[in-house]
Amino acid sequence: MRRSLVQSILLYGCALLLTAFTAGPLLWLAVMSISAPTDLTEVPLRWIPSELDFSRYAALLSVDGGNGERFLSALRNSILTAGGATAAALLLAIPAAYAFSRRQASMVLLFAFLATIMMPPITYVLPLYSTFSSLGLLNHTVTLIIVYTAMLLPFATWLMKANIDVLPVEVEQAAFMEGAGTAYTIRQVVLPLALPAIAATAMLSFLVAWDEFFYALIFTNDLSAKTLPVAIADFSAGRVTDYGVIASVGVLATLPPAILAIAFQKFIVSGLVAGSVKG
């Protein structure tokens, strides 16, 4: 059916409004990062920079100490913790999702998993802090990997189960009839078919771990383990705040997940849609 002129205007108007609402803050963040300090404190606010200043990016990417050391250390920690937790969560979630989907594992257990992510994070802080302190694991990236893995596992298991449910079971039965075991079938049959779902789950899990702030704030206290969200908060501390530096850190912090999202966009869309239709 062809749309009328009014319908087309409304449709494109809503699309433009959504684009402005989504991209506007990111665009302003980029403008702030290259604006002179005086431009950011003028009243009324100067929306167009009087001069382009890229010195903040050069300082943040420098290894000579100062802001560059803080940023690069936090970037490394974020990549290690988010990537490690995502890999560990997927490694555990895929066989768990297969058990719930194909082996009729108790759904009560799955809903119990999901119930854990509905609790406020503050509920787990005291027992986790006490446990990690007694084990000498405070202020370590491995601590955040353990916590993030436990946080991501219910979500990853649920999303993978929804996608495995729609895969043709006949292919797996054919593999079993040829003498294949469960582990071989999962590795050689299920995983290739579920690749879009794995990519979507990995991407969304990575984003959740990348943006996590609360646990990183509680369990880390120096450059050896601090992640980017905590480091960005540290940049705003002190008597004088350089909003341009904070904006520059924000722009650089969005690049890794943005690059991953663009690279795996096809898999993410197909993976999320696949689990929405069964039959």
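## Largest pocket

Fifteen nonpolar residues would be a fair guess at a greasy wall, and the split of the largest pocket's lining is indeed 15 nonpolar, one polar and one charged. The model is predicted. The space in this pocket comes to about 380 Å³. Its lining has 17 residues. Nearest the centre lie Thr 116, Tyr 124, Ala 150, Met 151 and Tyr 215.

Three elements each give two or more residues to this lining: helix 6 (122–134), helix 7 (141–165) and helix 11 (214–219). Which of them gives the most? Helix 7 does, with six residues.

## Second largest pocket

The second largest pocket has a volume of about 220 Å³. Its lining includes Leu 207, Trp 210 and Asp 211. Leu 228, Pro 229 and Ile 232 are also among the lining residues. So are Gly 250, Ala 253, Thr 254, Pro 257 and Ala 258. By type, the lining holds eight nonpolar, two polar and one charged.

Helix 10 (195–211), helix 12 (228–235) and helix 13 (243–263) each give two or more residues to the lining of this pocket. The largest share, five residues, comes from helix 13.

## Overall fold

The protein has 14 helices and zero strands. Read along the sequence, the pattern is α-α-α-α-α-α-α-α-α-α-α-α-α-α. The C-alpha trace spans about 70 × 70 × 35 Å along its principal axes.

The protein has 279 residues, and 35% of them count as buried. Take the contacts with a separation of 6 or more: 72% of them join residues 24 or more positions apart.

## Nonpolar cores

The largest nonpolar core has 31 residues. Phe 71, Tyr 148, Leu 228 and Phe 235 touch the most other members. Eight helices are listed as supplying at least two residues each: helix 3 (55–60), helix 4 (67–102), helix 6, helix 7, helix 10, helix 11, helix 12 and helix 13. Leu 228 also appears in the lining of the second largest pocket.

What does Tyr 148 touch, not counting residues up to four places away in sequence? The list is Thr 81, Ala 85, Ala 209, Glu 212, Tyr 215 and Ala 216. Of these, Tyr 215 is one of the residues nearest the centre of the largest pocket. A second, separate core has 12 residues, including Ala 97, Met 160, Ile 186 and Ala 194.

## Helix 10

How does the span of helix 10 agree with 1.5 Å a residue? Its 17 residues should span 24 Å, and its end C-alpha atoms are 24 Å apart, so the two agree.

Buried residues of helix 10 include Ala 197, Ile 198, Ala 199, Ala 200 and Thr 201. Met 203, Ser 205, Phe 206, Ala 209 and Trp 210 are buried too. Ala 209 touches Tyr 148, and Trp 210 helps line the second largest pocket.

## Around the start of helix 7

Asn 139 sits in the loop between helix 6 and helix 7. Its phi is positive, about 65 degrees, although Asn 139 is not a glycine. Most residues other than glycine have a negative phi. Is Asn 139 buried or exposed? Asn 139 is buried, because its relative accessible area of 14% is under 20%.

Thr 143 lies in helix 7. Thr 143 is buried, with a relative accessible area of 0%. Leaving aside neighbours within four places in sequence, Thr 143 is in contact with Phe 132, Leu 137, Leu 138 and Phe 219.

## Helix 1

Helix 1 covers residues 5–33, and Thr 19 has its place there. Thr 19 is partly exposed, with a relative accessible area of 49%. Thr 19 and Glu 69 are 50 residues apart along the chain, and their C-alpha atoms are separated by 35 Å.

Trp 28 is also found in helix 1. Trp 28 is partly exposed, because its relative accessible area of 24% falls between the 20% and 50% cut-offs. Which residues are in contact with Trp 28, leaving aside its neighbours within four places in sequence? They are Leu 45, Arg 46 and Trp 47. Trp 28 and Trp 47 are 19 residues apart along the chain, with their C-alpha atoms separated by 8.5 Å.

Notes
Residues are numbered from 1 along each chain as its sequence is written. This is a predicted model: local features need pLDDT of at least 70, side-chain atom pairs count only at pLDDT 80 or more; totals for chains, interfaces and linings use all residues. Side-chain values use heavy atoms; hydrogens and water are left out. On a 1 Å grid over the protein atoms alone, a cavity is a set of points where a 1.4 Å probe fits but cannot get out, and a pocket is an open set with protein on both sides within 12 Å along at least five of seven lines; lining residues have an atom within 4 Å of a point. Grid points are joined across faces, edges and corners, and a volume is the space filled by probe spheres set on the points. Helices (H or I, at least four residues) and strands (E, at least two) are DSSP runs, numbered from the N terminus. Ala, Val, Leu, Ile, Met, Phe, Trp, Tyr, Cys and Pro count as nonpolar, Asp, Glu, Lys and Arg as charged, and the others, Gly among them, as polar. The expected span of a helix is 1.5 Å times one less than its number of residues. Buried means under 20% relative accessible area, exposed over 50%, partly exposed in between (1.4 Å probe, protein chains only). A nonpolar core is a set of buried Ala, Val, Leu, Ile, Met, Phe, Trp, Tyr and Cys residues joined through side-chain atoms within 4.5 Å. Contact means heavy atoms within 4.5 Å.
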